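Hi,

Here is the structure I promised to send over. Have a look at it first, and my notes on what turned up follow below.

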Amino acid sequence: IQMVCTDNIITNIGLTESAKRDTDEVSTSLTHNSIGTGSTTPTVSDTDLVTEDTGGSYARLAYASAGQRKVVNQTSKFGVLWTDALVSAVPISITESGVHWASSGSSNIHARVTFTTFSMTTGDLFVTQINELHQNG
């Protein structure tokens, strides 16, 4: 068992998309999770994962079918369960994850996080949960 807790970054494009949702300019919602192997520190100017795992049978996972999204008080929680069948190939060194408002494509990442390498091998499970705390400064 490996558990890592670290801060994530809400990207500038993610904040802009959220503001547009609040003003009814777009009808998007945060629907998908991604994983990758990039380890560059997240920044607000990120527009995608650095190295999203996109080979083989991989596709971003929908929170509706592979996890859940919930609001608890002022915190949005986004979590999914990845199995070895959902990545491009094992072994894989997972080091980043993201929250997206689209099932594919670029420039639709709301939040990005990097963490200590999780080395997934055959039979392993990987759970990612990204929390977004809404608070006043």
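Helix α1 (residues 12-22) has three buried residues to look at, Gly14, Glu17 and Ser18. Buried here means under 20% relative accessible area, with exposed being over 50% and partly exposed in between (1.4 Å probe, protein chains only). Helices (H or I, at least four residues) and strands (E, at least two) are DSSP runs, numbered from the N terminus. Gly14, Glu17 and Ser18 sit on the same side of α1 because they cover an arc of only 100 degrees around the axis, the arc being that of the directions from the helix axis to the C-beta atoms. An α-helix has 3.6 residues a turn, so residues three or four places apart point the same way. Part of the cover over the buried residues of α1 comes from β7 (109-120), where contact means heavy atoms within 4.5 Å. Right after α1 comes Asp24, with a positive phi near 60 degrees.

Before going further, a caveat: this is a predicted model, so local features need pLDDT of at least 70 and side-chain atom pairs count only at pLDDT 80 or more, while totals for chains, interfaces and linings use all residues. Residues are numbered from 1 along each chain as its sequence is written, and side-chain values use heavy atoms, with hydrogens and water left out.

Now the charges. How many salt bridges does the structure hold? There are three, counting a side-chain nitrogen of Lys or Arg within 4 Å of a carboxyl oxygen of Asp or Glu. In one of them Asp46 pairs with Arg112, with the closest N and O atoms 2.9 Å apart. Asp46 is in the loop between β2 (32-36) and β3 (61-62) and Arg112 is in strand β7, so this pair ties together parts that are 66 residues apart in sequence. Asp46 counts as buried at 14% relative accessibility, and Arg112 is buried at 0%. Arg112 also meets Glu96 in a salt bridge (2.9 Å, N to O). That pair links distant parts of the chain, with Glu96 in strand β6 (residues 92-100) and Arg112 in β7, 16 residues apart. Glu96 is buried too, and through shared partners Asp46, Glu96 and Arg112 form one network. Arg60 and Glu52 make another salt bridge, again with closest N and O atoms 2.9 Å apart; Arg60 is buried at 7% relative accessibility.

On to the nonpolar side. The largest nonpolar core (buried Ala, Val, Leu, Ile, Met, Phe, Trp, Tyr and Cys residues joined through side-chain atoms within 4.5 Å) has 21 residues, and those touching the most other members are Ile35, Trp82, Val87, Ile94, Val99, Met120 and Phe126. β5 (75-83), β6, β7 and β8 each give two or more residues to this core, and β7 gives the largest share, five residues. Leaving out residues up to four places away in sequence, Phe126 touches Ile35, Val80, Leu81, Trp82, Ile94, Phe115, Phe118 and Met120.

Last, some backbone oddities. Most residues other than glycine have a negative phi, and most peptide bonds are trans. Val90 and Pro91 are joined by a cis peptide bond, with omega about 0 degrees, and Pro91 is in the loop between β5 and β6. Asn73 has a positive phi near 55 degrees; this residue is in the loop between β4 (67-72) and β5 and is exposed at 66% relative accessible area. Ser107 has a positive phi of about 55 degrees as well, in the loop between β6 and β7, and is partly exposed at 40%.

Cheers
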